[in-house]
Amino acid sequence: MATPGRCAGLAPMNHAAHGQRIAVVTGAARGIGAAVARRLAGEGLAVAVIDLDEAGCAATVEAIIADGGRAMACTADVSDEAAVIVAVARITAALGPPTVLVNNAGIGPQADLVELATHQWHTVVGVNLNGPFFLTRAVAPYMIEAGWGRIVNVSSISAVGDADRVDYGSAKAGLIGFTKSLALQLGRHGITANAIAPGFVVSDMTRATARRLGRDFAEHQRLAARSIPVGRVGRPEDIAHTASYLVSAEAGFVSGQVVYVAGGPVD
Ligand code: NAD
């Protein structure tokens, strides 16, 4: 169980003053978020990791520190507005003002429309769409003040429609609209906003789908790879690589885009 806004980790000095960029990566206890956090830290950013999973958060931070990077962990539920405000305030006090935000935390349980409970709809929208709103609203003032910022929202190919998960598909499509609106509204402050829409990526999320279907995970991946043009499933590092590009200084003229990282085209 998450303790709202509980933060820990290595934050001995304010490197923002020394030009080190501060990144916030949500859902970084494992999977895609952990890969993004490690990649950004490896590129010299100080990284604040936010996740519900306290032990997983600590493991990501320990791995970054072991590699010589700087990181701190914040245990928080991104769908909890108050917890997000507390977490961002603690991150800013400890590391410095964040100017890079990767909204990656997400959940995608199976949901047939007719059986979909209202509370599940709200939970899925709460994590996948409200969470990015709470985080972005909390972090954007620091970006505006800096006259520079990078926002990356992790959507999904489910945004174009998902037969098994109407709540998830809807939230991920909403996240793309949010991203484009941010790009339009914040561009004049030197802030870019882009979405990454992954296809099948090996993680606990796809492992859970395999379990639901009663399939061995290796077999599930083999079957998925058959319909992917490049002939393989994705890895968290594929997404981390794309995020790394989108948050780079060099990507300042790329904004409001959806980058499908799916091994082929998506429509
Ligand atoms: P994952 O389940 O391995 O990781 C998700 C992480 O988010 C976990 O660490 C979890 O604890 C955290 N999280 C969940 N709810 C949270 C909350 N309320 N507050 C804070 N943290 C929370 O999944 P993943 O595959 O690494 O997914 C990462 C992102 O990529 C998600 O947004 C997901 O929808 C998206 N995505 C994944 C795939 C895929 O095939 N794996 C495809 C498309 C999009």
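How many residue pairs are in polar contact across the interface of domain 1 and domain 2? The rule finds four such pairs, with both residues at pLDDT 80 or more. The legends below walk through this interface in what is a predicted model.

**View 1. The two domains of the chain, as assigned.** Domain 1 takes in residues 22–199 together with 235–260, while domain 2 covers 200–233. Taken over C-alpha atoms, the centres of domain 1 and domain 2 lie 23 Å apart.

**View 2. The area buried between domain 1 and domain 2.** Here we look at how the two domains meet. On the side of domain 1, 14 residues are in contact with eight residues of domain 2. About 910 Å² is buried between domain 1 and domain 2, and carbon and sulfur atoms give 53% of that area. Look for Q110, G199 and R235: these three supply 44% of the area that domain 1 buries against domain 2, more than any other three residues.

**View 3. Salt bridges and polar contacts across the interface of domain 1 and domain 2.** The rule finds two salt bridges across this interface, along with four residue pairs in polar contact. Helix α8, residues 236–246, provides the largest share of the side of domain 1 that touches domain 2, with three residues. Sorted by class, that side of domain 1 has seven nonpolar residues, four polar ones and three charged ones.

**View 4. A closer look at D238 and R232, joined by a salt bridge.** The side chains of these two residues meet with an N to O distance of 2.9 Å.

Methods: Residues are numbered from 1 along each chain as its sequence is written. This is a predicted model: local features need pLDDT of at least 70, side-chain atom pairs count only at pLDDT 80 or more; totals for chains, interfaces and linings use all residues. Side-chain values use heavy atoms; hydrogens and water are left out. Domain bounds come from an automatic or database domain assignment. Contact means heavy atoms within 4.5 Å. Buried area is the accessible area (1.4 Å probe) that two parts lose on being put together, summed over both. A salt bridge is a side-chain nitrogen of Lys or Arg within 4 Å of a carboxyl oxygen of Asp or Glu. A polar contact is a pair of N or O atoms within 3.5 Å; within protein, one must be able to donate a hydrogen and the other to accept it, and residues adjacent in sequence count only if both atoms are side-chain atoms. Helices (H or I, at least four residues) and strands (E, at least two) are DSSP runs, numbered from the N terminus. Ala, Val, Leu, Ile, Met, Phe, Trp, Tyr, Cys and Pro count as nonpolar, Asp, Glu, Lys and Arg as charged, and the others, Gly among them, as polar.
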